[in-house]
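Thanks for sitting down with this one. Let's go through it together, asking each time why a label fits.

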Amino acid sequence: MTSMKVDPDGVVVEILDPKLFNYPWIYMVEPGSLYFTEEESKTLSKYFFNGGFMMVDDFWGDEGWDNFRYEIERVFPDLPLVELEVDHPIFHSVFDLDEKPQMPSIHSFLYSGETSERGAGPVHYWAIFDPKGRMMAIIGHNTDLGDGWEREGEDPTYFHRFSEKMAYPMAINIIYYAMTH
């Protein structure tokens, strides 16, 4: 869908691995119960302030949000989390999205027909900006864009409604925005 050259296999890298700094874009999944050590918090802060970007995805509900927020605020104690509205350029950088994508798991959608899992509520996209206004992280809460990439071939309705119209466009917007701003 783009001309970006990416590794189709991806790379798993630990926060304290010095190779982390070789990757300008990282993706964190299911962070609702994460815990950063003091060294990990300092390393992530250094990574971000040296130009790194992180996309966070796939966690639902207040408990997961409260824990994640506590931990990410340890990395950025002086920077606020800013909720992004649909008029933010990240929702329009390549694909023009008229709503914030809320992507349920395929199983949740096929069972309930809902876009919110476990009654978690509406989707939120949060960002953290450095003092010069560069976005360092985007956090998708009450959504799972990754399921749209993983499950695209399992059900045509799910693919056309979520993968094609939400998961791919939003991910491309995020990556493009992060690499060009």
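Q: What makes the contact of Lys100 with Glu85 a salt bridge?
A: Happy to start there, with the note that this is a predicted model. The closest N and O atoms of Lys100 and Glu85 are 3.7 Å apart. A salt bridge asks for a side-chain nitrogen of Lys or Arg within 4 Å of a carboxyl oxygen of Asp or Glu, so the pair qualifies. Both residues sit in the loop between E3 and H3, 15 residues apart.

Q: Why is Glu85 called partly exposed?
A: Glu85 has a relative accessible area of 45%. Partly exposed covers what lies between under 20% (buried) and over 50% (exposed), so Glu85 belongs there.

Q: How do you know that Glu83 forms a salt bridge with Lys100?
A: The closest N and O atoms of Glu83 and Lys100 are 3.5 Å apart, and the limit is 4 Å, so this pair counts too. It links distant parts of the chain: Glu83 is in strand E3 (residues 82-83), and Lys100 follows 17 residues away in the loop between E3 and helix H3 (106-112).

Q: Are Lys100 and Glu83 buried or partly exposed, and why?
A: Lys100 has 16% relative accessibility, which is under 20%, so Lys100 is buried. Glu83 has 27%, which falls between the two cut-offs, so Glu83 is partly exposed.

Q: What makes Arg134 and Asp130 a salt bridge?
A: Their side chains meet at 3.6 Å, N to O, and that is within 4 Å, so the name fits. Arg134 and Asp130 are both buried. Arg134 also helps line the largest cavity, as do Phe53, Met135, Tyr177, Ala178 and His181. That cavity has a volume of about 30 Å³. In the whole structure, the search finds six salt bridges, and a network of them links Glu38, Glu71 and Arg74.

Q: What is unusual about the phi of Glu30?
A: Most residues other than glycine have a negative phi. Glu30 is not a glycine, yet its phi is positive, about 50 degrees. Glu30 lies in the loop between E1 and helix H1 (38-49). With 57% relative accessibility, over the 50% cut-off, Glu30 counts as exposed.

Q: Is Asp58 buried or exposed, and why?
A: Asp58 is at 12% relative accessibility, and under 20% means buried, so Asp58 is buried. Asp58 also has a positive phi, about 70 degrees, without being a glycine. Its place is in the loop between E2 and H2.

Q: Why is Glu63 called exposed?
A: The relative accessible area of Glu63 is 71%, and exposed means over 50%, so the label holds. Glu63 is in helix H2 (residues 61-75).

Q: How do you know that Met4 can belong to a surface patch?
A: Met4 has 31% relative accessibility, and patch members need over 30%, so Met4 meets that condition. Met4 joins Val6, Val94 and Tyr176 in a nonpolar patch with about 350 Å² of accessible area together.

Q: Which residues are closest to the centre of the largest pocket, and what classes make up its lining?
A: The largest pocket has a volume of about 1,300 Å³. Of its 31 lining residues, Val6, Asp7, Gly10, Trp25 and Ile175 are closest to the centre. The lining divides into 25 nonpolar, two polar and four charged residues.

Terms used
Residues numbered from 1 in each chain as written. Predicted model: local features only at pLDDT ≥ 70, side-chain atom pairs only at ≥ 80, totals over all residues. Heavy atoms only, no water. Patch = residues over 30% accessible without salt bridge, like charges linked within 9 Å, V, L, I, M, F, W, Y side chains within 5 Å. Areas by Shrake-Rupley, 256 points an atom, 1.4 Å probe, with all protein chains shown as cover. Buried < 20%, exposed > 50% of the residue type's maximum accessible area, 1.4 Å probe, protein only. 1 Å grid on protein atoms, 1.4 Å probe; cavity = no way out; pocket = protein on both sides within 12 Å on 5 of 7 lines; lining within 4 Å. Points joined across faces, edges and corners; volume = space filled by probe spheres on them. Nonpolar A, V, L, I, M, F, W, Y, C, P; charged D, E, K, R; others polar. Helix = DSSP H or I, 4+ residues; strand = E, 2+ residues; numbered from the N terminus.
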